[in-house]
Amino acid sequence: MIAESMAAFALVKGTIDAVKAAVDTANDVQGISSGLDALFHHRDAAARELKKQKKIAKPKSKLHKFFSKKMGEDEEDELSVGAVAAMVLEQKQVDRQIENLGIKIDNKYGLGAWDEILATREALLAERKEQRKKAREAAAAQALEDEAFHDKIIRCIVEAAKLIAVLAATVIVGAIVWSNRAGAKLWS
């Protein structure tokens with residue numbers, strides 16, 4: 001678990017370095033789009049990993065050990081100053097690197113390019129979330145329609161079975177009556 005969270009942060013840091021290099025060599029934003037996509041993907045994965053680690057256990061980074069030792073706290077305590085400081089400082093370090101990347105992109109492509117990238121990404125994420133919500137609602141509505149259709153089919157089958165039973169009973173009663181009348185004529 002510790003290795004997974006450290007690997008997630010390492011991926012984010014490595015991706016930030018790769019995007020910075022791409023910004024230096026790329027001629028347009030399209031040249032760095034795949035790097036930015038990977039950056040956001042890895043950052044979100046690191047955030048999910050960090051959230052999962054909050055539930056499970058905190059990573060024992062050098063900062064955590066340093067603060068725990070200086071404060072004289074138990075390293076296993078997830079609410080210790082060392083654990084909290086390590087988590088906050090690691091996140092701030094990643095945020096600072098992303099902010100520096102934004103400044104680099106703004107310097108190369110003009111003021112506001114990074115903000116536009118972030119705003120567009122947020123709009124696209126909101127749109128995707130809305131589409132998924134509509135798809136879930138449509139699936140739920142379709143499931144209700146399917147259930148109503150199946151209920152209607154079952155009711156039709158039951159009604160048909162009732163009709164067949166009534167017809168069968170009528171035929172049997174008619175056959176009995178006919179045979180009794182035919183038998184009475186034969187005996188007379």
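**Note on the predicted all-helix model**

1. At 15% relative accessibility, R121 counts as buried. Its salt-bridge partner is E122, with the closest N and O atoms 3.9 Å apart. E122 is partly exposed, having a relative accessible area of 47%. The pair therefore falls on two sides of the 20% limit under which a residue counts as buried.

2. The model is a predicted one. The protein contains 5 helices and 0 strands, and the order of elements from the N terminus is α-α-α-α-α. Of its 188 residues, 21% count as buried. The exposed area comes to about 13,400 Å², and carbon and sulfur atoms supply 61% of that area. Among contacts with a separation of 6 or more, 63% are between residues 24 or more positions apart.

3. The largest nonpolar core has 11 residues: I16, L36, L39, F40, V94, I98, L101, I105, A113, W114 and I117. Two or more residues of this core come from each of α2 (33–56), α4 and α5. The largest share, 4 residues, is that of α4.

4. W114, one of the core residues, is placed in helix α5. W114 counts as buried because its relative accessible area is 8%, against a limit of 20%. Apart from neighbours within four places in sequence, W114 is in contact with L36, L39, F40, I98, L101, G102, I105 and D106. Of these, L36, L39, F40, I98, L101 and I105 are also listed in the core. The C-alpha atoms of W114 and K104 are 8.8 Å apart, at a sequence distance of 10 residues.

5. Which side chain of opposite charge is nearest to D106, and how far away is it? The answer is R96, at 13 Å. D106 is buried and has no salt bridge; the cut-off for such a bridge is 4 Å between side-chain nitrogen and carboxyl oxygen, so a partner at that distance does not qualify. D106 belongs to helix α4 (residues 81–109). With residues up to four places away set aside, D106 touches L111, G112, A113 and W114. A113 and W114 are members of the largest nonpolar core. A reader checking this site should note that the charged side chain is buried without a salt bridge.

6. The structure holds 3 salt bridges. Besides the one in point 1, R96 pairs with E99 at 3.8 Å, N to O. Both of these residues lie in helix α4, 3 residues apart, which is about one turn of the helix. E99 is partly exposed at 42% relative accessibility, and R96 is also partly exposed, at 48%.

7. The remaining bridge joins E159 and K162, whose closest N and O atoms are 3.4 Å apart. Because E159 and K162 are 3 residues apart in helix α5, about one helical turn separates them. E159 is partly exposed, with 47% relative accessibility; K162 is partly exposed as well, with a relative accessible area of 48%.

8. A nonpolar patch on the surface is formed by F149, I153 and I157, which together have about 300 Å² of accessible area. I153 is found in helix α5 (residues 113–187). Is I153 buried or partly exposed? At 36% relative accessibility, I153 counts as partly exposed. That value also passes the patch criterion, which asks for over 30%.

Methods:
Residues are numbered from 1 along each chain as its sequence is written. This is a predicted model: local features need pLDDT of at least 70, side-chain atom pairs count only at pLDDT 80 or more; totals for chains, interfaces and linings use all residues. Side-chain values use heavy atoms; hydrogens and water are left out. Patches are made of residues with over 30% relative accessible area and no salt bridge: like charges are joined within 9 Å, nonpolar side chains (Val, Leu, Ile, Met, Phe, Trp, Tyr) within 5 Å. Accessible areas come from the Shrake-Rupley method with a 1.4 Å probe; for residues, only the protein chains shown count as cover. Buried means under 20% relative accessible area, exposed over 50%, partly exposed in between (1.4 Å probe, protein chains only). Lys and Arg count as positive and Asp and Glu as negative; His and the chain ends are not counted. Contact means heavy atoms within 4.5 Å. A nonpolar core is a set of buried Ala, Val, Leu, Ile, Met, Phe, Trp, Tyr and Cys residues joined through side-chain atoms within 4.5 Å.
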